[in-house]
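Please open the model in your viewer and keep the sequence panel visible. The tour below proceeds by selection, one stop at a time.

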Amino acid sequence: MSLSNAGTAASTHTTRTLIIGTGFSGMGMAIQLLRNKQPDFIIIDKAHDFGGTWRENTYPGCACDVPSHMYSFSFEPNARWTKLWARQPEIFDYMRAVAEKHNLKSHTHFGRTFTGAAWNETTQRWTVRTAEGVSYEAQYLVSGIGGLHIPSIPRFKGDDTFTGERFHSAQWNHNVDLRGKRVAVIGTGASAIQFVPEIVDQVKELHLYQRTPAWVLPRTNVPIPGAAQTALAKVPLARRAVRNMIYWASESLALGLNGNSNMMQPIERLAKWNIDRSVPDPELRRKLTPDYRIGCKRILGSSTYYPALAREHSSVITEGIREFTPTGIIANDGTEREVDVVIYGTGFHVTDGFDSIDLTGRDGVNLKEQWARAGMETHLGITIAGFPNAFFLLGPNTALGHNSVVFMIEQQIGYILSAMKLADTKRGVIEVSAAAQREFTNEIQSKLATGVWSTGGCTSWYLDSQGLNRTIWPGFTFQYWSRTRRVNAADFVF
Ligand code: N01
């Protein structure tokens, strides 16, 4: 991709709106700015293509675990999804096609790594810095950095002495040929359960180091026949009906997640049945059966994960990792397994991932320090007191355990556009009040205290270091829609 419009080192660009990231968030924001006749914006991205997480994650089997007719822009439907849960290459292609259709490339500076931004009281603008030395002056700053982009690679004693290959699922090393290799996988989250069944046939031995078993519902990824795709392409009403059906089916899960965890019992029974039918060995079944309520961690879906682990050459190790050696891994029970490759399916820095945003707001207040002192408080996950004209897409407490985050992103984009419009009727500056932010945070945290994430008996990456859930929206997504469809001027100071 061209860098021709990205400027040279040490240059400064001035723009009305600076968007960080070219994933669903950044692209969606950009397209809506265009549709609202506000073309004065620049998107920056560290990489050289659109797609965000769908550009970065290329591991075998990488797919969306939300049906794609829902996990796509409502204003850019794709009748041609070939599978109910599209795989990464298809989603990546969709995003690139959407970017091309809206000519986003002409607004995008690729190869620009956001390092921080500071609010300038004098100019009432954000000064945005990049690692490459190019800077930007912008009235509005919109973060579309996503929640899951900094791989978390745990350290183990001796790991740097390991002489084989090691890589994280989000940084898959496609140069490593796994055929005939002894492979260790660490982690049992959404990524691992997708790539384990894909590699099991290639490898000589597969050793899965499991700290906590996941609840996994049966799921067969059905292809969408060509005739159905054509019908969906021809009949927009049918497309909308499919989307609505998926939406409401997913929403029903929020009933159990949000409060009455008894409602999760039938789903838990289905997941238990999935283990029982797939794993004949009682000892392996015991290892794979979680002891916490389903939904406490993200619910996974696969009909191939358990059969992969039940294979002769697979083993599930639950004793924990004591240390690495140059040729393998020693578990806490002292058993050493020699391996050629270690794959980390160990997830991402999530609540601490926001630490990477070095943002300095009014009076020199640093966001990271403010959050360390007072907790990750925001208003609707979008705005933060003390940080005027800065907006966050998929900010704290707006990720989902039950439906499509693209839906949340679209509501947030609408809200941001309204907030900008409101600011323009004032002095061009808008800042949420500390009172509105406090009220929202208290409300969310009291709701979360009774949800399955807090009462389900597990720990998860939804929780921050103080055990508070700073990740999930504790409600139906239509409640979020209702909360964000209008900007309440009383929540802001101007
Ligand atoms: O990561 P995870 P992921 N020693 O954090 C284990 C999204 N996603 O990449 O459960 C040993 O879920 C950890 O163990 P435990 C989706 O939102 C979406 O799989 O903490 N093990 C866990 O088993 C998803 O939720 C799609 O005890 C260690 C695993 O590593 C999110 O990405 C597809 C460890 C990490 O699981 C993250 O999923 C894929 C240690 N020190 C992913 N540290 C879609 O389809 C961690 N673990 C949209």
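Begin by selecting strands β5 and β6 (residues 135-143): the two run antiparallel and are joined by 4 bridges. Strands here are DSSP runs of E with at least two residues, helices are runs of H or I with at least four residues, and both are numbered from the N terminus. Two strands count as paired if DSSP finds at least two bridges between them.

This is a predicted model, in which local features need pLDDT of at least 70 and side-chain atom pairs count only at pLDDT 80 or more, while totals for chains, interfaces and linings use all residues. Residues are numbered from 1 along each chain as its sequence is written.

**First stop: two hairpins**

With β5 and β6 still selected, display T127, which stands opposite E137 in β6. The hairpin of β5 and β6 has 4 residues between the strands, and G133 takes a positive phi near 95° there.

Next, add strand β4 (residues 114-120), which runs antiparallel to strand β5 (residues 125-130) and is joined to it by 6 bridges. A117 is found opposite V128 in β5. β4 and β5 also form a hairpin with 4 residues between them, and Q124 in its turn has a positive phi of about 60°. When inspecting such strands, recall that in a regular strand the side chains alternate between the two faces of the sheet.

**Second stop: the parallel sheet**

Now select the five strands of the open sheet ordered β7-β16-β8-β9-β12, whose pairing is parallel. Why is one side of β7 (165-168) and of β12 (314-317) left without a neighbour in the sheet? Both stand at the edges, and each has a single partner strand. On average, neighbouring strands of this sheet are turned by 15° against each other, direction ignored (axes are lines fitted to C-alpha atoms, for helices over the stretch in contact, and angles run from 0 to 180 degrees between N-to-C directions).

Focus on β7 and strand β16 (residues 341-344), which run parallel and are joined by 4 bridges. Display H168 here; its bridge partner in β16 is Y344.

**Third stop: the antiparallel sheet**

Select the three strands of the open sheet in the order β13-β14-β15, where the pairing is antiparallel. β13 (321-325) and β15 (336-338) stand at the edges with a single partner strand each, so one side of each lacks a neighbour in the sheet. From one strand to the next, the twist averages 20°.

Between β13 and strand β14 (residues 328-331), 4 bridges form the antiparallel pairing. I330 in β14 is the bridge partner of E323.

**Fourth stop: the ligand**

Select the ligand and its surroundings: 22 residues surround it, the closest being P154, G187, G189, T212 and G347 (a residue is near if its C-beta atom, placed from the backbone, lies within 6 Å). Which helix gives the most to the shell around the ligand? Helix α4 (residues 190-199) does, with 3 residues. By class, the shell holds 10 nonpolar, 9 polar and 3 charged residues. Ala, Val, Leu, Ile, Met, Phe, Trp, Tyr, Cys and Pro count as nonpolar, Asp, Glu, Lys and Arg as charged, and the others, Gly among them, as polar.

**Final stop: the whole protein**

Finally, select the protein, whose secondary structure comes to 14 helices and 20 strands. Its C-alpha atoms fill a box of roughly 70 × 50 × 45 Å along the principal axes.
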